[in-house]
Amino acid sequence: MKLRALLLALMPTVAMASPYADGISPTEVTDLVSQAMVAAGQNGQIQVSQMRGFPACADAPAVSPRSGDWRTVELRCAAPRSWSRSVRTSASAGALPQRTTRAEPAGIPVLTLTESLAAGTVIEPTHLTLKPVRDGSLDGLMTDPNSVIGRTLTVNLGEGRPVLARHLEHNWLVTEGTPVAIVYNAAGMLILASGIAAENGQRGQIIAVRNVGSDRLVKAIVTERNKVRVAAKMN
């Protein structure tokens with residue numbers, strides 16, 4: 001038994017070959033892109049010609065949307081040689097991209113402009129993107145695209161600027177001094193509490209609300225008529 005164990009220990013280790021060592025087939029590319037889109041909550045058909053070939057890769061290539069737009073997906077591989085290829089999809093153009101070109105500070109994702117707009121402009125999906133902001137600067141910020149799209153700007157606003165409730169024509173769902181239902185999401189559990197709105201709020205706007213039970217003032221997102229939600233990292 002000792003001799004056998006010694007012989008096994010001296011045997012060279014056989015490295016497992018990558019499933020993509022001989023190149024990646026169009027079917028494999030379709031599967032890789034489809035899995036990445038599903039994980040990102042995207043729907044659409046992958047458009048890859050069955051005649052197209054993709055180089056070998058030591059591991060599964062990285063899959064990501066180009067500039068946050070899933071209509072064009074990029075596959076990147078670092079070894080055995082570096083390469084990048086693009087694939088078209090039928091993903092919706094109306095989806096708001098998450099900017100991933102650089103690390104953003106941790107915080108609540110809020111709506112910002114993708115381009116400079118003049119007062120009187122009606123907000124469209126392509127005008128908006130979600131970008132995290134640091135805690136402590138949440139007053140009046142908007143988080144829900146559906147609460148902004150189709151509404152009119154009342155001021156000129158530059159590219160990259162957060163969209164505030166006061167920049168838009170008013171559409172109050174919560175008014176100052178009225179009772180509201182506060183929904184807390186804690187460790188996967190929903191907890192309901194009674195509160196009093198400390199300010200007016202539109203759908204998706206972050207406002208101050210006083211918890212009646214604890215008499216504590218908290219930040220919350222307006223979700224429905226007289227209903228708000230407290231998200232992680234908000235307070």
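## Strand E5 and its partner

Let's start with strand E5, which spans residues 108–113 and is mostly covered, with five of its six residues buried. Keep in mind as you look around that this is a predicted model. E5 pairs with strand E6, residues 128–133, and the two run in the antiparallel sense over six bridges. If you would like one pair to find on screen, take Leu-111, whose bridge partner in E6 is Leu-130.

## His-127, in the loop between them

The loop between E5 and E6 is home to His-127. Is His-127 buried or exposed? Its relative accessibility is 8%, and because buried means under 20%, His-127 counts as buried.

Which residues surround this histidine? Setting aside neighbours within four places in sequence, His-127 is in contact with Thr-112, Leu-113, Thr-114, Glu-115, Leu-117, Thr-121 and Val-122. Of these contacts, Thr-112 and Leu-113 fall within the residue range of E5.

## Two nonpolar cores

Now for the nonpolar interior. The largest nonpolar core has 18 residues, and those with the most contacts inside it are Ile-24, Val-29, Val-33 and Val-87. Helix H2 (26–39), strand E3 (69–77) and strand E4 (83–89) each supply at least two residues of this core. Which element gives the most to this core? That is H2, with five residues.

A second core, separate from the one just described, has 13 residues, including Ile-123, Met-142, Ala-165 and Leu-168.

Back in the largest core, Ile-24 is worth a look of its own. Not counting residues up to four places away in sequence, Ile-24 touches Val-29, Gly-53, Phe-54, Pro-55, Cys-57, Pro-61 and Trp-83. Val-29, one of these contacts, is also among the residues with the most contacts inside the core.

## The disulfide

Cys-57, which Ile-24 touches, brings us to the cysteines. How many disulfides does a search of the whole structure find? It finds one. The disulfide is formed by Cys-57 and Cys-77, with their sulfur atoms 2.0 Å apart. Both Cys-57 and Cys-77 are buried.

The torsion about the S-S bond of this pair is about 105°, so the disulfide is right-handed. Where do the two cysteines sit in the fold? Cys-57 lies in the loop between strand E1 (46–47) and strand E2 (62–66), while Cys-77 belongs to strand E3, so the pair ties together parts that are 20 residues apart in sequence. Strand E3 is also one of the elements that supply at least two residues of the largest nonpolar core.

Methods:
Residues numbered from 1 in each chain as written. Predicted model: local features only at pLDDT ≥ 70, side-chain atom pairs only at ≥ 80, totals over all residues. Heavy atoms only, no water. Buried < 20%, exposed > 50% of the residue type's maximum accessible area, 1.4 Å probe, protein only. Helix = DSSP H or I, 4+ residues; strand = E, 2+ residues; numbered from the N terminus. Pairing = 2+ DSSP bridges. Contact = heavy atoms within 4.5 Å. Core = buried A, V, L, I, M, F, W, Y, C linked by side-chain atoms within 4.5 Å. Disulfide = S-S within 2.5 Å.
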